[in-house]
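Student: I have a structure open and want to test the labels put on it. Can we go through them one by one?

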Amino acid sequence: MTSSPEEIREGAEEGVILHAAHTFLRITGETKATGVELKKVNRFYFDENRKAVLETEEGSNRIIEVDNVIFAVGQKPDGTENMSLELTHGPYIATTESATSMEGVFAAGDVVTGTASVIEAIAGGRKAAMEIDRYLGGNGDITEVLVEREAPDPHIGRVEGFAELQRVNPKMPEAEVRVKGFAELQRVNPKMPEAEVRVKGFAAIENPFTCEEAKCEAGRCLQCDLRTTITKPKLWNEY
């Protein structure tokens, strides 16, 4: 899992210990989790079939003592069991060529594939649009350009003091406050559902920008979309 320098710094402030360049092997313990065995990763890459390959260092195994193990934090669809649609793998909507089990109803994106990339969701949406067009009597061709495409102006112009403009960071409570929040409210009432926790004042970790802060941050834009007309964008694993 990737993380930004800001996330690493904030995690360290909150007492998070990172074990970078290691892979998970197993959980130790008989009746409860007592440890996690890790092994050092020397190299990570994708082969010709786009399959992830890990090259590990022999003899680098070690066990970290733990009280609890949380495998991942993610998202899943909510309420799909009430949609009268066929589901698969729990709450995800089953589809065939974007069509659901209900005639005239199509689905795409994370509700079908699970958590994936924005690019995959966009591709799924286009495929669903093609199938909807066919369902409505069309030929499935959605390549028609409805608006004239404008080439971006390569002339950015001059903004005095642009190089000195500082990034506007969202305001956050101190680390001592951030590590409490949800857990502290749960101790008050362990049976309190998450939705009720939010209603009763669960504080956000990052506060949204004010209008002035948002304008200031937007004003730092250097029209980075122009790079796509200069050089081919890289995939995340090519950096």
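Student: What makes Arg9 and Glu13 a salt bridge?

Tutor: This is a predicted model, and the distance is computed from its atoms. The closest N and O atoms of Arg9 and Glu13 are 3.2 Å apart. A salt bridge needs a side-chain nitrogen of Lys or Arg within 4 Å of a carboxyl oxygen of Asp or Glu. The pair therefore qualifies.

Student: Where do Arg9 and Glu13 lie?

Tutor: Both are in helix α1. They are four residues apart, about one turn of the helix.

Student: Why is Arg9 called partly exposed?

Tutor: Its relative accessible area is 43%. Buried means under 20%, exposed means over 50%, and partly exposed is in between. Arg9 falls in between, so the label is partly exposed. Glu13 also has 43% and is partly exposed.

Student: What makes Arg43 and Glu55 a salt bridge?

Tutor: Their side chains meet at 3.6 Å, N to O. The limit is 4 Å, so the pair counts. Arg43 lies in strand β2, residues 35-46, and Glu55 in strand β3, residues 52-56. The pair so ties together parts that are twelve residues apart in sequence.

Student: Are Arg43 and Glu55 buried, exposed or partly exposed?

Tutor: Arg43 has 45% relative accessibility, so it counts as partly exposed. Glu55 has 32% and is partly exposed too.

Student: How do you know that Arg134 and Glu131 form a salt bridge?

Tutor: The closest N and O atoms of this pair are 2.8 Å apart. That is within 4 Å, so the salt bridge stands. Both residues lie in helix α3, residues 118-135. They are three residues apart, about one turn of the helix.

Student: Why is Glu131 called buried?

Tutor: Glu131 has 19% relative accessibility. Buried means under 20%, so Glu131 counts as buried. Its partner Arg134 has 39% and is partly exposed.

Student: How many salt bridges does the structure hold?

Tutor: Ten.

Student: Which residues does Ser98 contact, leaving aside its neighbours within four places in sequence?

Tutor: Glu131 is one of them. The others are Val105, Phe106, Ala107, Gly124, Lys127 and Ala128. Contact here means heavy atoms within 4.5 Å. Ser98 is in the loop between β6 and α2.

Student: What makes Ser98 buried?

Tutor: Its relative accessibility is 7%. The cut-off is under 20%, so Ser98 counts as buried.

Student: What is notable about the phi of Glu97?

Tutor: Phi of Glu97 is near 55°, a positive value in a residue other than glycine. Most residues other than glycine have a negative phi. Glu97 is in the loop between β6 (92-93) and α2 (110-113). At 46% relative accessibility, Glu97 counts as partly exposed.

Student: What about the phi of Ala21?

Tutor: Ala21 has a positive phi of about 60°, although it is not a glycine. Ala21 lies in the loop between α1 and β1. At 46% relative accessibility, Ala21 counts as partly exposed.

Student: What makes Leu18 exposed?

Tutor: Leu18 has a relative accessible area of 53%. Exposed means over 50%, so Leu18 earns the label. Leu18 is in the loop between α1 (5-13) and β1 (22-28).

Student: Which residues make a nonpolar surface patch with Leu18?

Tutor: Ile8 and Val16. With Leu18 they make a patch of about 260 Å².

Student: How do you know that β1 and β2 pair?

Tutor: They share six bridges, in the antiparallel sense. Pairing needs at least two bridges, so β1 and β2 pair. His22 stands opposite Lys40 in β2. The hairpin of β1 and β2 has six residues between the strands, and Gly29 takes a positive phi near 120° there.

Student: What does the chain look like overall?

Tutor: The chain comes to seven helices and six strands. Along the sequence, the pattern is α-β-β-β-β-β-β-α-α-α-α-α-α. Buried residues make up 16% of the 239 residues. The chain exposes about 19,300 Å², and carbon and sulfur atoms supply 55% of it.

Terms used:
Residues numbered from 1 in each chain as written. Predicted model: local features only at pLDDT ≥ 70, side-chain atom pairs only at ≥ 80, totals over all residues. Heavy atoms only, no water. Patch = residues over 30% accessible without salt bridge, like charges linked within 9 Å, V, L, I, M, F, W, Y side chains within 5 Å. Areas by Shrake-Rupley, 256 points an atom, 1.4 Å probe, with all protein chains shown as cover. Buried < 20%, exposed > 50% of the residue type's maximum accessible area, 1.4 Å probe, protein only.
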